[in-house]
Amino acid sequence: MKCLVTGGNVKVLGKAVHSLSRIGDELYLEPLEDGLSLRTVNSSRSAYACFLFAPLFFQQYQAATPGQDLLRCKILMKSFLSVFRSLAMLEKTVEKCCISLNDRSSRLVVQLHCKYGVRKTHNLSFQDCESLQAVFDPSLCPHVLRAPARILGEAILPFPPTLAEVTLGIGRGRRVILRSYLEEEADSTVKAMVTEMSIGEEDFQQLQAPEGVAITFCLKEFRGLLSFAESAHLPLSIHFDAPGRPAIFTIEDSLLDGHFVLATLSEPNLHSQDLGSPELHRPVPQLQAPSTSHLDDFASDDIDSYMIAMETTAGSEGPRALPSISLSPGPASEEEDEAEPSTVPGTPPPKKFRSLFFGSILAPVHSPQGPNPVLAEDSDGEG
């Protein structure tokens, strides 16, 4: 594989890497016939992200040499990010970037051609892997919001950087509400400040959702895609369903597209409030509550219906399903049981968000038949 990026597209590529670094610690790089794919997933399986750069994005693009199979690799995110650490430097000094992948040397080579003939060469070690792919279909989501990224970016500016989750919903008068989500403590006597932003329907290019629907998702991952969309001057689309189902954030252009799939809070009524009302203690009308009982009973799940394909590195034990992981709001103490999961920065509170369920699928016959939900149930019922 060999590709050459020139001009301002070098900064665009670097910005995409910065967005992916907000989610995962590993980067899956895969050259395809329809472009170069960069993917990642967080360790709690609650967020997946993918950028696909079309061949026209590059001055030169070759997925594989004649007679060679398509390669794919997995590298540490911090190693690849170090190449594009300074976006200002990329814009001012780098004229072109050459990326090549050679299985014989087991190295991913990234070479920056800078002004005055300076060349910086980075040789990154990688692991062979299978394709990391989430099964999702935005067209199956009944609710869609589409707006310029600048508008959404300005809406989340008042939220503090430390805020973990945000609630997005449709309030009275079909105004889009963004509100900070704070978990109520039973023994807490301190009332935390709740920040709310309201955007009129006229500011959206598309608003297909009834009043009263709301989802809560992780703000850190959302900021990553939003910052990229703002820099690329692209509109952002949000596709979502009932609370607890995945929310899909997409950007599309003739040269690239991006997809972020984030888990949402599966308990919509526990801490939700009447959107757009000054009486913050009033609950949201339940318009989109799931009617089936399997959402509260993990044991009754059809696991196959929640499968999405995931890589297996060389030397793995073969196809197996990775368990869903409950998320913890703080660092695990030394006295906790070994079965308790560790904290992932920027992830939602425990036992309320459902994790993306990844499985290793090696043959097409084991793949799900058509797009399926990609979330496993929360672990409330597990002992």
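**Reading the terms against the values**

The secondary structure of the protein comes to five helices and 21 strands, where helices (H or I, at least four residues) and strands (E, at least two) are DSSP runs numbered from the N terminus. This is a predicted model, in which local features need pLDDT of at least 70 and side-chain atom pairs count only at pLDDT 80 or more, while totals for chains, interfaces and linings use all residues. Residues are numbered from 1 along each chain as its sequence is written, and side-chain values use heavy atoms, with hydrogens and water left out.

Q: Why is Thr 264 called buried?
A: Buried means under 20% relative accessible area, exposed over 50%, and partly exposed in between (1.4 Å probe, protein chains only); Thr 264 has 0% relative accessibility and therefore counts as buried. Thr 264 sits in the loop between strand S19 (256-262) and strand S20 (308-310). Across the protein, buried residues make up 50% of the 383 residues.

Q: What makes the approach of Thr 264 to Gly 244 a polar contact?
A: A polar contact is a pair of N or O atoms within 3.5 Å; within protein, one must be able to donate a hydrogen and the other to accept it, and residues adjacent in sequence count only if both atoms are side-chain atoms. The side chain of Thr 264 reaches the backbone nitrogen of Gly 244 at 2.8 Å, so this distance is within the 3.5 Å limit.

Q: Why is the aromatic pair of Phe 51 and Phe 260 called edge-to-face?
A: Rings of Phe, Tyr and Trp (its six-membered ring) pair if their centres lie within 6.5 Å, and planes under 30 degrees apart count as stacked, over 60 as edge-to-face and the rest as tilted. For Phe 51 and Phe 260 the values are 6.0 Å centre to centre and 75° between the planes, so the pair is edge-to-face. Phe 51 lies in strand S4 (residues 47-53) and Phe 260 in strand S19, so the pair ties together parts that are 209 residues apart in sequence. Both residues, Phe 51 and Phe 260, are buried, and ring pairs link them with Phe 53, Phe 57, Phe 58, Tyr 61 and Phe 228 into a cluster.

Q: How do you know that Cys 3 is in no disulfide?
A: A disulfide is a pair of cysteine sulfur atoms within 2.5 Å. The structure holds zero disulfides, and for Cys 3 the nearest cysteine sulfur, that of Cys 98, is 7.0 Å away. Cys 3 is also buried, because its relative accessible area is 1%.
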